[in-house]
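Work through the following exercises with the sequence and the model open beside you. Try each task before you read its solution.

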Amino acid sequence: MKIRHFMAFFCVCAVLAQQLLCGEDNIEISSSYPGGNAIVENIDQESNTVEIRQDMRDTKPWWFYWNFKAKNIGGKTVKFKFVDKTKPWRVIDAFGPAISTDGGKTWKWQNPKENTAVNEFSYTAPEGINEAQFSYCIPYLYSDFELFAKEFEGKNGFKVEPFCKTRQGRQNFCIKLNESSAKEKPRIFLASRHHACEATGSYVLEGFMRELFSDSEEGKALRSAAEYFIIPMMDLDGVENGDQGKSRVPHDHNRDYIDTPIYPSVAAAKKKLLEWESSGGTDIIIDFHSPSIGSKSKDGKTFSINSVVFLPGQNDSEKETQQRLFSEILEDINTSELPFLASDFLPFGKSWNKDPHTTGLAKYGATLKGTKLSTSFETPYATCRGVKTSKENLKELGRCVAKALLKYIKTLQ
Ligand SMILES: [Zn+2]
């Protein structure tokens with residue numbers, strides 16, 4: 001017996017030694033999966049410290065999206081330090097990193113309350129967890145859209161159709177409803193992800209579509225009220241590659257509404273809008289975005305422009321009037337957890353909204369004949385007037401946007 005015990009002990013020691021030699025227990029970082037984005041600078045296996053930074057790819061000068069997995073972290077407290085030598089600026093929002101321990105299905109913000117944004121966080125894996133995924137925000141990838149599309153395929157006319165091939169050969173897609181060449185109803189054109197990393201915009205747009213194709217009274221009324229053309233992922237390549245997508249060189253998708261666009265999706269979107277312009281115009285254009293990094297409110301009452309849902313105002317008083325009218329309707333109708341105040345409107349000439357020469361979809365749409373409302377719709381990544389964003393409340397906000405639009409359409413008649 002004693003010899004057997006000794007042999008068993010010897011075998012366990014041999015396995016442990018082998019694991020140590022092979023580094024099987026070492027912390028490993030990966031980002032080679034859809035939406036992944038990170039550059040590892042250093043991993044100190046003794047102090048469990050990972051030095052890491054976001055990968056800019058072709059974005060200049062700076063942006064803040066990152067998303068990575070850490071393996072072999074069971075039983076350890078790991079410190080993740082962001083070391084961006086070109087611009088050492090905070091890259092963790094007010095509720096900390098978004099964390100998933102089930103392969104990206106569900107996400108939780110780390111901090112229960114808003115904190116001052118920082119450049120590092122520590123994480124102790126719960127019992128039985130050896131791998132976790134961390135991200136600047138709750139991601140929304142093609143696989144998220146696919147889950148929604150499978151749930152809705154065939155429901156009340158919901159159908160995913162080919163839109164264009166991307167530069168990298170992916171099949172981009174759109175959703176059409178009641179399309180007619182002779183204009184019979186008001187026309188609504190919706191898009192998101194002109195900037196690849198802006199995932200909250202996708203959740204809001206999905207929520208919009210959930211209402212539009214639902215069995216609710218509002219869903220039915222929305223379907224009979226208008227024609228729709230929806231492009232959920234303008235920069236599909238960037239979303240899947242985990243790019244920042246904002247401020248790409250020579251310019252990003254939302255600066256591509258020029259005479260000869262360089263991105264196939266923008267060329268196809270322009271073609272559709274021009275086709276609609278020549279047959280009565282597009283009444284409503286909404287482009288869903290996310291702003292910049294949010295922050296903790298200093299006094300609990302005033303909030304940064306990046307921590308509220310808002311519409312950036314057009315440089316055209318008639319168009320601005322329509323944006324403000326829609327904002328007031330939405331404030332009145334919004335029942336989601338995420339607050340929406342019409343007074344958070346960002347007028348042209350304030351903050352970053354000053355450039356009269358920008359070529360984004362909302363600005364371009366406003367120049368087309370027949371457009372009444374053309375707007376970007378900005379939804380913060382993490383903190384919305386102190387409320388944590390979640391997949392659920394972002395989608396609920398989108399449903400409320402759809403209901404508000406139904407009411408707005410009635411003002412056109
Ligand atoms: Zn954007």
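**Exercise 1.** In which loop is the place of P61?

*Solution.* Begin with the ground rules: this is a predicted model, in which local features need pLDDT of at least 70 and side-chain atom pairs count only at pLDDT 80 or more, while totals for chains, interfaces and linings use all residues. Residues are numbered from 1 along each chain as its sequence is written. Helices (H or I, at least four residues) and strands (E, at least two) are DSSP runs, numbered from the N terminus. With this numbering, P61 is placed in the loop between β3 (49–53) and β4 (67–71). Next, look at the bond before this proline: K60 and P61 are joined by a cis peptide bond, with omega about 5°. Finally, find R57, which lies in the loop between β3 and β4 and has a positive phi of about 55° although it is not a glycine.

**Exercise 2.** Determine whether R57 and N156 are buried, partly exposed or exposed.

*Solution.* First recall the rule: a residue is buried if 20 or more other C-beta atoms, placed from the backbone, lie within 10 Å of its own, exposed if 12 or fewer, and partly exposed in between. R57 has 18 other C-beta atoms within 10 Å, and therefore it is partly exposed. N156 has 13 such atoms within 10 Å, so N156 is partly exposed. N156 is found in the loop between α2 (142–152) and β10 (160–165), and it has a positive phi of about 50° although it is not a glycine.

**Exercise 3.** Give the order of the four strands in the open sheet, and name its edge strands.

*Solution.* Two strands pair if DSSP finds at least two bridges between them. Following the pairs gives the order β2-β3-β5-β8, with mixed pairing. The edge strands, each of which pairs on one side only, are β2 (39–44) and β8 (120–124). Now examine one pair in detail: β5 (residues 77–82) and β8 run antiparallel and are joined by five bridges, and the bridge partner of V78 in β8 is Y123.

**Exercise 4.** Which helix gives the most residues to the largest nonpolar core?

*Solution.* A nonpolar core is a set of buried Ala, Val, Leu, Ile, Met, Phe, Trp, Tyr and Cys residues joined through C-beta atoms within 7 Å. The largest one holds 100 residues, and among those touching the most other members are L190, F208 and I230. Helix α9 (residues 391–412) gives the most to this core, with nine residues.
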